[in-house]
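Visitor: Could you take me through a few points of this structure, beginning with one residue's surroundings?
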Protein chains: 2
Amino acid sequence: MQTFSQLLSKLDLFLLNAQWPEEIPQLYEPLSYFMTLPAKRVRPVSLLLSYQLFHENIEPALPLAKAIEWFHNFTLIHDDIMDQAPLRRGLPTVHEKYGQNTAILSGDVLLIKVYELIVDSIPSELLSQVMTCFNRVAIDVCEGQQLDMNYENISEVSKLEYTNMIRLKTAVLLGASIKMGAILAAAPSKDAENLYDFGTELGLAFQIQDDYLDVFGNPNKVGKQAGGDIIQCKKGAPFIAARDMLSGQEREKFISEYLDTSQAPAAKVKVVLDRLHGMGVEDTVNKWKQEHQDKAMHSLKNISFSEQQKLPLMQFAEMLLARES
Amino acid sequence: MQTFSQLLSKLDLFLLNAQWPEEIPQLYEPLSYFMTLPAKRVRPVSLLLSYQLFHENIEPALPLAKAIEWFHNFTLIHDDIMDQAPLRRGLPTVHEKYGQNTAILSGDVLLIKVYELIVDSIPSELLSQVMTCFNRVAIDVCEGQQLDMNYENISEVSKLEYTNMIRLKTAVLLGASIKMGAILAAAPSKDAENLYDFGTELGLAFQIQDDYLDVFGNPNKVGKQAGGDIIQCKKGAPFIAARDMLSGQEREKFISEYLDTSQAPAAKVKVVLDRLHGMGVEDTVNKWKQEHQDKAMHSLKNISFSEQQKLPLMQFAEMLLARES
């Protein structure tokens with residue numbers, strides 16, 4: 001059994017070998033640029049981790065892992081346009097560097113190339129099953145992004161609605177990556193479903209932790225502006241949790257304070273943080289994260305392998321959920 | 001054998017039955033809107049025409065025809081953003097009506113739904129072959145759009161380069177639609193290739209005619225602004241043909257006149273049109289169109305069916321190339 005880092009090295013080598021067509025560099029150079037930005041490769045490596053439960057040699061799963069990473073990059077390129085984000089991983093986004101039209105079109109061609117990769121690398125008897133899983137998650141991710149945009153203009157998003165949004169936008173892609181590793185390995189469908197649930201719940205815990213770190217994390221370790229979500233009025237897990245701990249006028253006051261854009265950023269962060277600390281929101285958010293972590297572990301337990309065999313997946317989960325940045 | 005109009009009626013009924021998910025209307029309503037705009041459905045009907053060469057009952061080909069029409073609409077939604085086009089078929093474009101972010105994301109989900117439709121409707125033994133053909137043409141269309149954008153900033157685009165651009169951007173989708181009808185019918189690969197060439201050459205002739213009509217067509221019949229391409233300095237077939245008939249200073253003068261944006265639109269159209277008429281560019285462009293029409297007919301001739309059986313395809317070609325609007 002190989003660990004996350006061993007699989008990551010193999011994957012990185014494999015990704016480096018990507019040959020983009022040399023004609024029409026205006027279309028392909030942006031992809032080659034974006035794909036070499038530093039990245040954690042969490043999704044494709046999770047696919048390999050799942051595949052190796054069933055087959056020792058992970059080589060046949062590398063192209064599908066690459067397809068997942070490409071798909072993830074496609075969503076980032078288009079999301080960055082929609083969010084008007086100037087930076088991604090500390091470097092200029094595609095639309096910032098090459099213009100918006102190129103970002104739209106390069107993203108489009110990348111999505112098609114994902115399908116090309118799938119068709120070229122998946123044995124034909126598994127193609128329909130892999131594609132059905134992939135199409136479902138790809139649609140989910142678009143729906144999640146739309147919900148995220150919808151929720152920007154609504155203050156009354158319930159915890160359930162929020163969880164559903166991050167499930168679609170972020171979590172299911174981890175679940176589907178892990179599941180596709182199992183499908184490609186021709187695993188029993190019960191294992192594939194448990195792996196999907198494991199990955200999706202892990203993805204939810206991860207996203208809640210991400211929201212937590214943005215608000216409460218040590219800015220030096222997190223590596224971004226302290227309280228960025230507070231300044232941008234992003235209604236992440238800490239906001240949802242705090243709001244639901246309050247009622248009546250207190251609730252209204254908190255919401256309007258959080259959504260207030262008239263204050264100086266640093267002052268606003270201080271006011272909101274003091275309020276959140278005073279209420280003990282950290283504990284509430286941690287419990288929320290823990291619920292999904294527990295569900296993930298429960299699904300992992302149900303998979304028909306020994307603890308020893310499942311160790312790399314367990315370590316992967318621990319690594320993801322122990323991060324401070 | 002059914003004619004174009006008979007097949008069109010069946011297809012339109014089939015397309016009307018499309019059910020978009022009711023949740024997240026922000027994502028799906030724009031698609032439902034765009035898909036009901038009046039359209040000629042040339043590509044999907046061509047697929048049905050080709051399929052019925054091999055099978056009388058065209059029902060099994062309707063989902064793939066729908067996928068082709070959806071793909072075409074996906075490209076239009078994204079192209080309209082890139083071209084900043086306010087109108088499509090006389091009505092507001094998606095980005096104009098719903099905003100740019102929605103247009104990007106609805107387009108993305110539509111492309112994924114195309115693949116979903118293909119996977120759900122194509123027998124698994126043909127899936128890989130259909131998808132390989134589809135992925136190739138989808139990439140071609142993106143490359144064609146990129147070349148088109150590149151050429152906006154270059155005056156020295158050769159006739160060969162221009163032909164290659166419209167081949168990728170427009171013509172191959174007609175070729176691939178017709179070919180996919182044959183693949184789905186499990187036709188001999190030689191017939192499938194000849195049908196691809198027939199459709200692609202027909203698509204080239206059609207696009208050259210489209211360029212011709214924009215410049216020389218009767219504005220009342222064409223239904224758009226007279227000389228729109230001249231006003232917008234679009235380097236279509238009449239520009240390429242005229243430029244290549246000239247040399248030295250005459251050539252330079254013509255290019256700078258054509259690319260001049262300082263004149264009043266009506267005055268510029270008159271100057272350029274007088275110049276083009278004087279040179280007899282109509283004949284040159286018509287000959288250019290005719291070359292591709294001849295190639296299309298040659299490929300049609302090579303297909304192993306009787307003239308009678310190929311009549312609907314022949315009538316389809318005549319209908320496409322006889323249009324005045």
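Visitor: Is B:Arg41 buried, partly exposed or exposed?
Guide: B:Arg41 is partly exposed, because 19 other C-beta atoms lie within 10 Å; 20 or more would make a residue buried and 12 or fewer exposed, with partly exposed in between and C-beta atoms placed from the backbone. The model is predicted, so local features need pLDDT of at least 70 and side-chain atom pairs pLDDT 80 or more, whereas totals for chains, interfaces and linings use all residues. Residues are numbered from 1 along each chain as its sequence is written, and chains are lettered from A and ligands numbered from 1 in the order in which they are written.
Visitor: Where is B:Arg41 found?
Guide: B:Arg41 lies in the loop between H2 and helix H3 (42–54) of chain B; helices are DSSP runs of H or I with at least four residues, strands are E runs of at least two, and both are numbered from the N terminus. Its phi is near 55°, a positive value in a residue other than glycine.
Visitor: And what is the phi of B:Arg89?
Guide: B:Arg89 also has a positive phi, about 50°, although it is not a glycine. Most residues other than glycine have a negative phi. B:Arg89 sits in the loop between strand S1 (87–88) and strand S2 (91–92) of chain B, and counts as exposed because it has 11 C-beta neighbours inside 10 Å.
Visitor: Changing topic, how many residues does each chain give to the contact?
Guide: Chain B and chain A give 31 residues each, contact meaning C-beta atoms, placed from the backbone, within 7 Å. On the side of chain B that touches chain A, H7(B) gives the most, with 15 residues.

How values were computed
Contact = placed C-beta atoms within 7 Å.
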